[in-house]
Amino acid sequence: MAIKFLNLKKIHLEISSDLHKAFERVLESGQYILGQEVENFEYEFARFCEVKYCIGVGNGLEALALLLRAYGIGPGDEVIVPSNTFVATWLAVSHSGAQVVPVEPCQDTYNLNPDAIEASITTKTAAIIPVHLYGQTADMNAINKIAQRHHLLIIEDAAQAQGSKYHGRQAGSLGDAAATSFYPGKNIGALGDAGAVLF
Ligand SMILES: Cc1ncc(COP(=O)(O)O)c(C=O)c1O
């Protein structure tokens with residue numbers, strides 16, 4: 001028997017009756033954009049991530065782009081990102097008009113290497129976007145210390161890290177704000193595109 005590389009249907013079959021109940025609620029409510037269901041999810045996901053607020057958005061790229069815009073990051077700024085992240089992290093920065101500044105990862109975790117960050121900081125650096133990859137968070141204590149020293153924002157890209165913990169704290173609660181993705185293949189995958197901003 002051939003084993004499928006990715007079987008999203010199988011994952012959802014396990015919770016099929018809950019999903020059908022939710023579809024029914026939405027259908028009956030007549031509210032097909034935002035509404036109580038989204039509000040409930042935002043509230044519960046904020047609690048799960050140990051942050052004050054969660055705002056649902058279209059996808060993870062949009063969450064990153066909106067955060068950069070909200071912090072006024074744009075042309076003339078530089079943003080430090082891991083050189084080995086998924087392309088959406090870079091795209092959010094280039095979309096803002098700021099310059100992407102790639103920094104190499106640690107060889108044992110493949111997450112942003114704090115020891116390599118300071119050499120890339122200039123007077124134009126506005127933010128660092130650590131991306132938590134492969135189920136483990138970046139070394140946030142070290143990265144936050146660098147950010148404090150240089151007055152930089154930390155925007156976490158927690159798209160691949162829902163439920164990951166760093167010294168007992170949830171990914172998404174470890175910087176100034178975070179973006180996450182509910183792309184169907186993610187830890188918490190939606191039936192479609194979705195994302196959230198956390199702060
Ligand atoms: C690390 C990372 N950042 C951002 C994104 C963008 O999320 P989305 O596909 O929901 O736009 C993804 C996933 O696709 C990702 O893996």
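In the predicted model, His167 is found in the loop that connects β6 (residues 165–166) with β7 (residues 169–170). Although His167 is not a glycine, its phi is positive, at about 45°. Most residues other than glycine have a negative phi. The relative accessibility of His167 is 65%, and this residue therefore counts as exposed, the cut-off being over 50%. A positive phi, of about 55°, is also found at His151, which is likewise not a glycine. His151 is placed in the loop between α7 (residues 140–150) and β5 (residues 153–157), and because its relative accessible area is 72%, His151 is classed as exposed.

A further histidine, His12, belongs to helix α1 (residues 8–13). With a relative accessibility of 17%, His12 falls under the 20% cut-off and so counts as buried. When residues up to four places away in sequence are left aside, the contacts of His12 are with Leu19, Gly189 and Leu191. Two of these partners, Leu19 and Leu191, recur in the description of the largest pocket, where they are listed with Glu37, Phe41 and Ala190 as the lining residues that lie nearest the centre.

The largest pocket has a volume of about 1400 Å³, and its lining is made up of 40 residues. The elements that contribute two or more residues to this lining are α1, α2 (residues 16–29), α3 (residues 35–49) and β1 (residues 54–57). Of the contributions to the lining of the largest pocket, that of α3 is the greatest, with 10 residues. When the lining of the largest pocket is divided by class, 21 residues are nonpolar, 12 are polar and seven are charged.

The second largest pocket holds about 330 Å³ of space. It is lined by 20 residues, and those closest to its centre are Leu61, Phe86, Ala88, Ser181 and Lys186. At least two residues of this lining are supplied by each of α4, α5 and β8 (residues 177–181). In terms of class, the lining of the second largest pocket comprises 10 nonpolar, seven polar and three charged residues.

Two of the helices that contribute to the second largest pocket, α4 and α5, also pack against each other. Helix α4 spans residues 60–70 and helix α5 spans residues 87–96, and the two pack at an angle of about 35° with their axes 9 Å apart. The crossing of α4 and α5 is right-handed. On the α4 side the contact is made by Leu61, Leu64, Ala65 and Leu68, and on the α5 side by Ala88, Thr89, Leu91, Ala92, Val93, His95 and Ser96. By class, this contact of α4 with α5 involves eight nonpolar and three polar residues, with no charged residue. Leu61 and Ala88, which take part in the contact between the helices, are also among the residues closest to the centre of the second largest pocket.

In the loop that joins β1 to α4 lies Asn59, which counts as partly exposed because its relative accessibility is 25%. Asn59 touches Thr180, Asp193, Ala194 and Gly195, with residues up to four places away in sequence not counted. The C-alpha atom of Asn59 is separated by 9.2 Å from that of Ala179, although these residues are 120 residues apart along the chain.

In contrast to the open pockets, enclosed space was sought separately, and a search of the whole structure finds one cavity of 30 Å³ or more. About 40 Å³ of space lies in this cavity. The lining residues of the cavity are Phe45, Cys49, Ala158, Ala161, Gln162, Ala171, Gly172, Thr180 and Leu198, and they divide into six nonpolar and three polar residues, with no charged residue. Thr180, one of these lining residues, is also a contact of Asn59.

Two further lining residues of the cavity, Ala161 and Gln162, are touched by Asn187, which also touches Gln160, residues up to four places away in sequence not being counted. Asn187 itself lies in the loop between β8 and β9 (residues 195–198). The separation of the C-alpha atoms of Asn187 and Gln160 is 6.8 Å, and the two residues are 27 residues apart along the chain.

Methods:
Residues are numbered from 1 along each chain as its sequence is written. This is a predicted model: local features need pLDDT of at least 70, side-chain atom pairs count only at pLDDT 80 or more; totals for chains, interfaces and linings use all residues. Side-chain values use heavy atoms; hydrogens and water are left out. Axes are lines fitted to C-alpha atoms, for helices over the stretch in contact, and angles run from 0 to 180 degrees between N-to-C directions. Helices (H or I, at least four residues) and strands (E, at least two) are DSSP runs, numbered from the N terminus. A crossing is left-handed if the near helix is turned anticlockwise from the far one by less than a right angle, and right-handed if clockwise. Contact means heavy atoms within 4.5 Å. Ala, Val, Leu, Ile, Met, Phe, Trp, Tyr, Cys and Pro count as nonpolar, Asp, Glu, Lys and Arg as charged, and the others, Gly among them, as polar. Buried means under 20% relative accessible area, exposed over 50%, partly exposed in between (1.4 Å probe, protein chains only). On a 1 Å grid over the protein atoms alone, a cavity is a set of points where a 1.4 Å probe fits but cannot get out, and a pocket is an open set with protein on both sides within 12 Å along at least five of seven lines; lining residues have an atom within 4 Å of a point. Grid points are joined across faces, edges and corners, and a volume is the space filled by probe spheres set on the points.
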